[in-house]
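Got the viewer open and a cartoon representation on? Let's take a short walk through this one, from the whole fold down to a couple of spots to click on.

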Amino acid sequence: MAAVAEGLEPEAAATEDAAQDAVDAVDAVDAEPGDPPVLVGSRLSLDLYPGGCQRLLHLCARQSPQLLEVQFVQLSSHEDPRLLETTLAQVPCSLRHLRSLVLRGGQQRDVLGACLRGSLTTLPAGLSGLTHLAHLDLSFNSLETLPGCIPQMRGLNTLLLSHNHLSELPEALGALPALTFLYATHNCLRTLPKALGALSTLQCLDLSQNLLDTLPPEIGGLSSLTELNLASNRLQSLPASLAGLRSLRLLVLHSNLLTSVPTSLAHLPLLTRLDLRDNQLRDVPPELLDAPFVRLRGNPLGEAPPALPSPPGTPTFPEMPRLFLNSDLDSFLVTPQGCSVTLACGVRLQFPAGATATPVSIRYRLRLPEPRLVPLGPHDSLLSHVLELQPHGVAFQQEVGLWLLFVPPRARRCREVVVRTLNDDSWSDLETHLEEETPKRLWAHCQVPHFSWFLVVSRPVSNACLVPPEGTLLYSSGHPGVKVTFPPGATDEPRQVYMQVVRVASGELRALLEEPGAAASPLLCLSQSGPPGFLQPVTVQLPLPPGVTGLSLDRSRLHLLYRTPPEATWDDITTQVALELTHLYARFRVTHFSWYWLWYTAKTRVEGLARKAWERLRLHRVSLIALQRRRDPEQVLLQCLPLSKVDATLRRLLERYRGPEPSDTVEMFEGEKFFAAFEKGIDVDADRPDCVQGRVCFVFYSHLKNVKEVYVTTTLDRQAQAVRGQVSFYRGAVPEDVPEEAEAARHRKGTDSPWMATLPIKLPVWPGVGGGVCEGGTGGTEAGSGEAGGGRAEGRAHCTPSSSQRLRGSKAPGQGQGTGLSLAPLNLGDAETGFLTQSNLLNVAGRLGPDWPAVALHLGMPYRELQRIRHEFRDDLDGQIRHMLFSWAERQAGQPGAVGRLVQALEQSDRLDVAEEVRAVLELGRQKYEDSIQRTGLAPPDPSASPSPESAQA
């Protein structure tokens, strides 16, 4: 340690002061009595609790003898950088037998649920003194270069560097003689070190989602390599030395720019899968074309090559590169050559040659819609999620093509689909062309001069014109009878004028007025840029209401209504204008623009009725449903459905869910906020970004899926009787103080009532003996182990763990009988090694995200089945993941080694975080099984064995 101390000498005083400050802070405030233990056996878990660095400094300062036994440490990198560096400097001298060090980010999420990177940018040099360290996880951090201490960790077996900002790997990396697993996905690597070929023990190498355009020939020296993943890079060719990878079983090269592949790849003796999808291969060797393990979809096979070279002196333009990205959080580089890009969410971009003068790094993100990101007019409907392209405001020298997928609108008459974007703090609609791939797969295509936010909306047909001082005529393309005539001198400077016409169904108006003969014209909206008024009156023409002609109408029943901005009230201005009637039309003159509506009714006071009718035009009739999964009643599905879709959706869901009838009809506005509140002893059992004080937030969009699945829990005793609770739906954002049950709000129904519906939720009696399992993941034991079953139920009695804690099987500190998850064992595993329940698998599924195809392939699932799942659930990523995982689990039921295969597949897919969680679940299950055997007398206790901290907590 002397050398380490000398290396830190310039900052020794500051480090010592920071460490002492942290220790003093922890000494001043002891841990709460109910806090879970962070030190259990040889495992020190500090990543799930706040103040992890301070806790570790506290333990190091006290020189606890238990630290000498610690082999596994998990620490969140979402800490103050200075405090994190101080803490890591204490690790070598306090945790001398450390074998696994996890310093991941990603535990925190932004307001929209995306993972945030940690603050780690380097490591203290002293960590090279951890001679026993075999596993180092630095994923989801802010590393730009590899810390210098890592190549000196001679015993390192696994190195995880995914989701950082690394642009290169050092040559010194080749000095790690024991390195077996190296994962550096989602970085910015452009080249690889030649010394990489010296890693003779390396078995798995994953460099996908980087910027690699070439591979060093030395890569062929990786004699032990079994898996190589280079997907989503910029490789145009492969070195012939790949033929030297005689141990290779899996080679993934999809989404590159390959134009050829070596024939020698077909002769690798152990190769079982070669993924060449989405490249630029026009021809492949016959040995590969006929091989069953080769995937070639997405290549221009058999297509004619580019045109012959032009005569000398003629400039040549290389074929535009194509990029296929498969991550929702990614970036790509655009060069002056241009490129065609397909994002994971289906969005397509085309950058023409010369769009940028210098290389520009583009970042993208698909965001869930929310009111602040979705500007909608009174009669607009949202048809897509919100796409953000960065950097904002960068102007391209040529316009970039953008294709956005959208949901087909249900109403198309007199409506149009446009792409809306933010430009200089104001939203505008772009000229949009629609392209149809299939009847249910539509694209909105537009040209964009710069990047910002983009979404697809359906709006009433809009027309615009530039009014010169000489005057002009503007008419509606959706309703040719609607016209506006601008006389000469109406304006002294040219100004832009906009017109929208909304079709009105007369049946709605008759029902509101309770008058069979009532009718109304189309609703006209006029707006303009520049001064609010015109210098000369402008003539507006509206068609008379249906069934009414100028020869037979009663003028006393004709009302011209004008919407007064900004109060949104309607005034009857019939007596203030001169109505000129023809056989089919009514004409009048105005100097200011707003909304105009022509009514024909016997009512004399129509202003208030007009406001209600206008609201009725914008309301959507929906029903609310709350269903519980049949196998897991604590999993509740909440959904808001248009009336036309209720029956079909319920028929599809009732195979897996049960629940009450849908609510009565509720009317909601597009983009209206509402929330679901669980009541009468039931509460939300999760930490969710869309959950405030146990209330689940929604925003209603008529064409999107307004559905969420949540876990619920209760503090009531379910062993005595079932818990009969309810979920209520309320309008508006979640208030600061929501009453447990807002009974008073339910006495008044209507569009302005905060309460909308209440549906019952029932949690069945907890069996308690032999047949139940807890969220901890231990399976039910055989008859005679009822005491163990009661202990498992205790884990959900008095706490509300986060989703990651549920996967770990965390246990509340309170004692006594409680409630548990009323699920039968899935038979994935056995009593001695521990079961994985459906609840455990659901939590695994919730954390896989876009990595699920890799996990599926490592589980042995055929690629054809993956394609079928993708197609069947093509608009539902969660559905893809759940269907894959549960269909595999059902096939594995009762088979030995299934859980081990799942853990191995997670490790091979670079999801060691989830694999560690599953191991923790199984370890807790094994411990509880052994304890139950001893308590029931089936096995004599070992008097020489002392109880571990983990078993004491169990």
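With everything shown as cartoon, you're looking at 17 helices and 50 strands. Keep in mind that this is a predicted model.

Now colour by relative accessibility. The protein has 954 residues, and 52% of them count as buried. Switch on a surface and you get about 42300 Å² exposed, with carbon and sulfur atoms supplying 52% of that area. If you like contact maps, pull one up too: among contacts between residues at least 6 apart in sequence, 62% link residues at least 24 apart.

First stop: select Ser 77. Where does it sit? In the loop that runs between strand 3 (72-74) and helix 4 (81-94). Is Ser 77 buried or exposed? Ser 77 counts as buried because its relative accessibility is 0%, and the cut-off for buried is under 20%. To see what is around Ser 77, skip the neighbours within four places in sequence and show its other contacts: Leu 84, Leu 103, Arg 104, Gly 105, Gly 118, Ser 119, Leu 120, Phe 140 and Asn 141.

Next, out to the surface. Select Arg 410, Lys 440, Lys 645, Arg 652, Arg 656, Lys 705 and Arg 874, and you'll have a patch of positive charge lit up.

Zoom in on one member of that patch, Arg 652. Which helix holds Arg 652? That's helix 8, covering residues 646-653. Arg 652 has a relative accessible area of 48%, so it is classed as partly exposed; exposed would take over 50%.

Methods
Residues are numbered from 1 along each chain as its sequence is written. This is a predicted model: local features need pLDDT of at least 70, side-chain atom pairs count only at pLDDT 80 or more; totals for chains, interfaces and linings use all residues. Side-chain values use heavy atoms; hydrogens and water are left out. Patches are made of residues with over 30% relative accessible area and no salt bridge: like charges are joined within 9 Å, nonpolar side chains (Val, Leu, Ile, Met, Phe, Trp, Tyr) within 5 Å. Accessible areas come from the Shrake-Rupley method with a 1.4 Å probe; for residues, only the protein chains shown count as cover. A salt bridge is a side-chain nitrogen of Lys or Arg within 4 Å of a carboxyl oxygen of Asp or Glu. Lys and Arg count as positive and Asp and Glu as negative; His and the chain ends are not counted. The place of a charge is taken as NZ of Lys, CZ of Arg, CG of Asp or CD of Glu. Helices (H or I, at least four residues) and strands (E, at least two) are DSSP runs, numbered from the N terminus. Buried means under 20% relative accessible area, exposed over 50%, partly exposed in between (1.4 Å probe, protein chains only). Contact means heavy atoms within 4.5 Å.
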